[in-house]
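Me: I'm new to this one and would like a close look at a single part: the aromatic rings and what surrounds them. Could you also tell me how the copies fit together before you get there?

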Protein chains: 2
Amino acid sequence: MNSAQNAKRRGRPPAFNHDDALEKAMQAFWEHGYEGTSMAVLMETMGMNKPSIYAAFGNKEALFRKALQKYVSGPSAFVKDAVSEPTARQVVSVLLTKAVELLTAQNTPRGCMIVQGALSCGPESEHIQQELICYRSNFEGSLKERFDLAKANSDLPKDANTATLAKYVAIIHQGISVQATSGATKNDLMAVIDVVMKNWQ
Amino acid sequence: MNSAQNAKRRGRPPAFNHDDALEKAMQAFWEHGYEGTSMAVLMETMGMNKPSIYAAFGNKEALFRKALQKYVSGPSAFVKDAVSEPTARQVVSVLLTKAVELLTAQNTPRGCMIVQGALSCGPESEHIQQELICYRSNFEGSLKERFDLAKANSDLPKDANTATLAKYVAIIHQGISVQATSGATKNDLMAVIDVVMKNWQ
DNA sequence: ATATTTACTTACCAATCGGTACATTAATTA
DNA sequence: TAATTAATGTACCGATTGGTAAGTAAATAT
C-alpha cells in the first residue's frame, strides 16, 4: 500500500531499505548484545548515519525493541509452530531440534538474542534486560499452556507439574543458547537433545 | 607471613583490606558483568579511588580475572567437592542442588558469574568472554572425566557417552543460571532438579 | 630531624558513549 | 523555475569510558 513506488512521497527518497537496515541491526544486536553494540557499529552495519537511524527507528533502545520483534517473527518464529505439534513430546522434540539448528547455524550469530541480548548489564540498560526477561517468561508460559492442554488430553499424566516441565524445557533451551555461543557444534547439542528426549516421559 | 603487622613495611599503610576489596569487586562484577561494571562503581563499592585500585590489582581486566578466581575458590568452590561424590548420580544431584542454592541465594547476586560475566559483549571485552568460555569448558571437562571414571567403575553403563552427559549437565546448570537472573525462585528450580534426577539413569 | 618509601587525593587525559543542531541534497508540487 | 518536503552528511554536544600524572599524607629508616 504505502510502498515507495505508489506513494510518490514529496521529499528526498531514502537511501536505505527499512527492512534490510533493521535486519542488519538485528544481526548486530544478536551477536554482541544491547550494550555491546554501539551506535557507531550500527551506523556501519546498517549503512546509515546516525540522524537517519534516529529518524527512522528512534533511539538505540527503540531500535533494539524493533530488532527484537523482527527476531521473534523471523529467525525465532519456529517456536510458535513447534507448540502446535500434536503431542507434548513432539512439541519438545521439534522445539529443541529447531533451536539447536538456529543457534548453531553458520550464517547467523551463535546463541539466542533473547537470552544474551542483555543477560547482565549496567544500570542504564535495565529496561531492556527486563524486556528480555519478559520475553523468556512468555516463552515459558506458552510452553506451560501447551502442557496444560496435553494434560487435559491425557497426553501427559494427570499428576504432571506443567509449570515445572515448562521451566525444565526452557532451561534446556537457555543452556543450549549459552553452549552455542561458547562454540558447541550442532552435533554436540543434537546428542544432548537425544538424551533429553530419551528421558522424556 | 607477609601480613601487615609482622612485616613492618616502610611507607604509608594501605587504607583498605586487599581481600575485602576484591570481594566487593567480585560482587559487583557478579551482579552486572564485566562491561556492565564501570570503574566508577568499582571505586565506590571497593571504597578505593582509581589509582589505588590500579596499583593494587592492575587494570580492569586484571581485576576481573582476580575477582573470577575468588569466585571459583569461594562461592563456586562446591563444584570441586561435588565431583568427589561417590557415584555419578550423587555428583549430578549434589552439583545441581548446590548450584540452585548459590544462584538463588538472597545475600548474593542471582545467577552465575562465569555464565553472565561476559556472555555477549563488545569487541574490547572479547578476551574476558573467551576466558569465561574457557572456565565453562573446564567445568564441563571435569564432569566428563568424572563420568569416565564412573564408567570404568561400572557406575555408568559401558555405552554411556560421557561427553554428551557432561554437556547435558552443563546445559542444565547454565540454564538454571539464566533462570536465576530472571527471578526464578529456589523452589521453582529445585522442582526442575527433581525432574532431572528422576530421569537420571 | 631528615630522607625514604608507600599509598592516598586531586585533577586530568584522550577516546568513546548516546544523541542532536544545522546546513545540504534530491525529490515532488505549484 | 521557484517553493516545499524529506532525507542526507557533517560537525558537534555533554557525559562517561578506562587509565594516569603529579602532588600530598603517613608510615619507617637513617
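Reply: Let's start with the two copies. In this predicted model, chain B lands on chain A after a rotation of 180 degrees with 0.0 Å of shift along the axis, and the RMSD of that superposition is 0.1 Å. The two copies are thus related as by a two-fold rotation axis. If you want to find that axis on screen, look for B:Gly175: of the residues of chain B, B:Gly175 comes closest to the rotation axis, with its C-alpha at 2.0 Å. The contact between the copies fits this picture too: 100% of the interface residues of chain B are also interface residues in chain A, so the copies meet through the same surface.

Now take chain A by itself. Chain A has eleven helices and zero strands, so reading along its sequence gives α-α-α-α-α-α-α-α-α-α-α. Its C-alpha atoms fill a box of roughly 65 × 40 × 35 Å along the principal axes. Chain A has 201 residues, and 46% of them count as buried. What about contacts along the chain? Taking the contacts in chain A with a separation of 6 or more, 66% are between residues 24 or more positions apart. On the outside, the accessible surface of chain A comes to about 9900 Å², and carbon and sulfur atoms own 49% of that. As for charge, chain A carries 22 positive and 20 negative charges, and the mean positions of these two sets are 6 Å apart.

On to the rings you asked about. How many aromatic pairs does the structure hold over all chains? There are ten. One of them joins A:Phe29 and A:Tyr34, with 6.1 Å from centre to centre and 25 degrees between the planes, which makes the pair stacked. Both A:Phe29 and A:Tyr34 are buried. This pair also belongs to a bigger group, since ring pairs link A:Phe29, A:Tyr34 and A:Phe64 into a cluster.For a contrast in geometry, move to chain B. The ring centres of B:Trp30 and B:Tyr71 are 4.9 Å apart and their planes meet at 75 degrees, so the pair is edge-to-face. Where do these two rings sit in the chain? B:Trp30 is in helix α2 (residues 18–36) of chain B, and B:Tyr71 is in helix α5 (residues 60–73) of chain B, so the pair ties together parts that are 41 residues apart in sequence. Each partner is covered: B:Trp30 is buried with a relative accessible area of 2%, and B:Tyr71 is buried with a relative accessible area of 1%.

Tyr71 of chain A turns up in another spot worth a visit. A:Ser76 lies in the loop between α5 (60–73) and α6 (78–82) of chain A. Leaving out residues up to four places away in sequence, A:Ser76 touches A:Tyr71 and A:Leu102. Is A:Ser76 buried or exposed? At 13% relative accessibility, A:Ser76 counts as buried.

A second loop residue to look at is A:Thr104, between α7 (88–103) and α8 (113–116) of chain A. With a relative accessibility of 6%, A:Thr104 counts as buried. Which residues does A:Thr104 touch, not counting those up to four places away in sequence? They are A:Arg110, A:Ala180, A:Ala184, A:Thr185, A:Lys186 and A:Leu189. A:Val83, in turn, is 21 residues from A:Thr104 in sequence and 21 Å from it in space, C-alpha to C-alpha.

Finally, a look at the backbone. Most residues other than glycine have a negative phi. A:Ser154, however, has a positive phi, near 60 degrees. You'll find A:Ser154 in the loop between α9 (126–152) and α10 (162–181) of chain A, and A:Ser154 is exposed, with a relative accessible area of 55%. Over in chain B, B:Ser154 has a positive phi of about 60 degrees although it is not a glycine. B:Ser154 sits in the loop between α9 (126–152) and α10 (162–181) of chain B, and at 56% relative accessibility B:Ser154 counts as exposed.

Conventions
Residues are numbered from 1 along each chain as its sequence is written. Chains are lettered from A and ligands numbered from 1 in the order in which they are written. This is a predicted model: local features need pLDDT of at least 70, side-chain atom pairs count only at pLDDT 80 or more; totals for chains, interfaces and linings use all residues. Side-chain values use heavy atoms; hydrogens and water are left out. Copies are superposed by least squares on the C-alpha atoms of residues with pLDDT of at least 70 in both. Contact means heavy atoms within 4.5 Å. Helices (H or I, at least four residues) and strands (E, at least two) are DSSP runs, numbered from the N terminus. Buried means under 20% relative accessible area, exposed over 50%, partly exposed in between (1.4 Å probe, protein chains only). Accessible areas come from the Shrake-Rupley method with a 1.4 Å probe; for residues, only the protein chains shown count as cover. Lys and Arg count as positive and Asp and Glu as negative; His and the chain ends are not counted. The place of a charge is taken as NZ of Lys, CZ of Arg, CG of Asp or CD of Glu. Rings of Phe, Tyr and Trp (its six-membered ring) pair if their centres lie within 6.5 Å; planes under 30 degrees apart count as stacked, over 60 as edge-to-face and the rest as tilted.
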